[in-house]
Amino acid sequence: LFSGCAFKKYEALVRSTMTVDNAVAEKLRMDAAANPAQKYILAKDLADKIIYVDDAVVKDIIPSTDIDYQFCVVAQIQHAKGMIEFYIYSKDNGTIAKMEKGKTKISAVGDFRRFFNLLGDAFVMIDVVDADLSIAK
């Protein structure tokens, strides 16, 4: 179904990985923690992991706010807990140029950077950097 993502998949052999479900479970643990030091430790543990994002629909392609990247792919997945939005940063501009808003389904494998919240309808937002991207065939 997907091609590409080869380098990050190789890197995942030596680094910890997680799925979207794992990330949601960790987010719920962080939200439930009353101690800010505990939240910090949980977030720090996630920062070393590679996250797999499958079957996400491209919502938008925007200019990057991160100096290391030209573009950011905003993608989303409907999860049992609610809509999850991903802000995916990749240097694969050729693949990004082939994406269409609202139509393209992608797979991404990249470094989890952080959870964040903005006003909107997403249950959670996740930054993913240094991502390898694939378009569904």
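Contact here means heavy atoms within 4.5 Å. On this basis, and in a predicted model, T104 touches A56, V57, V58, K98, M99 and I135, with residues up to four places away in sequence not counted. T104 itself lies in the loop between α4 (93-97) and β5 (105-116). Its relative accessibility is 9%, and T104 is therefore classed as buried, the limit for that class being under 20%. Within the same loop region, a polar atom of the T104 side chain is placed 2.7 Å from the backbone nitrogen of E100.Salt bridges were examined next. Side chains of opposite charge can pair when their charged atoms come close. The structure holds 8 salt bridges, and three of the pairs are described here, beginning with R29 and E26.

R29 and E26 form a salt bridge in which the closest N and O atoms are 3.2 Å apart. Both residues belong to helix α2 (residues 20-32), where a separation of 3 residues corresponds to about one turn of the helix. R29 is partly exposed, at a relative accessible area of 46%. E26, by contrast, has a relative accessible area of 19% and is buried, because the class takes in values under 20%.

A salt bridge also joins the side chains of K101 and D60, with an N to O distance of 3.2 Å. This pair links distant parts of the chain, as K101 is in the loop between α4 and β5 and D60 is in strand β2, 41 residues apart. K101 is exposed, with a relative accessible area of 53%. D60 has a relative accessible area of 25% and is partly exposed.

The salt bridge between R113 and D127 has its closest N and O atoms 3.3 Å apart. Here too, distant parts of the chain are linked: R113 is in strand β5 and D127 in strand β6 (residues 124-135), with their positions 14 residues apart in the numbering. R113 has a relative accessibility of 33% and so counts as partly exposed, whereas D127 is buried, with a relative accessible area of 1%. Salt bridges with shared partners connect D66, R113, R114 and D127 in one network.

Two further residues were considered for their positions in sequence and space. I50 is in strand β2 (residues 50-63). Its relative accessibility is 0%, so I50 counts as buried. The C-alpha atoms of I50 and R15 are 7.1 Å apart in space, while the two residues are 35 residues apart in sequence.

T19 is located in the loop between β1 (17-18) and α2. With a relative accessibility of 37%, T19 counts as partly exposed. When neighbours within four places in sequence are left aside, the contacts of T19 are with I51 and Y52. T19 and V109 are 90 residues apart in sequence, and their C-alpha atoms are 9.8 Å apart in space.

How values were computed:
Residues numbered from 1 in each chain as written. Predicted model: local features only at pLDDT ≥ 70, side-chain atom pairs only at ≥ 80, totals over all residues. Heavy atoms only, no water. Helix = DSSP H or I, 4+ residues; strand = E, 2+ residues; numbered from the N terminus. Buried < 20%, exposed > 50% of the residue type's maximum accessible area, 1.4 Å probe, protein only. Polar contact = N/O pair within 3.5 Å; in protein donor to acceptor, adjacent residues only side chain to side chain. Salt bridge = Lys/Arg side-chain N within 4 Å of Asp/Glu carboxyl O.
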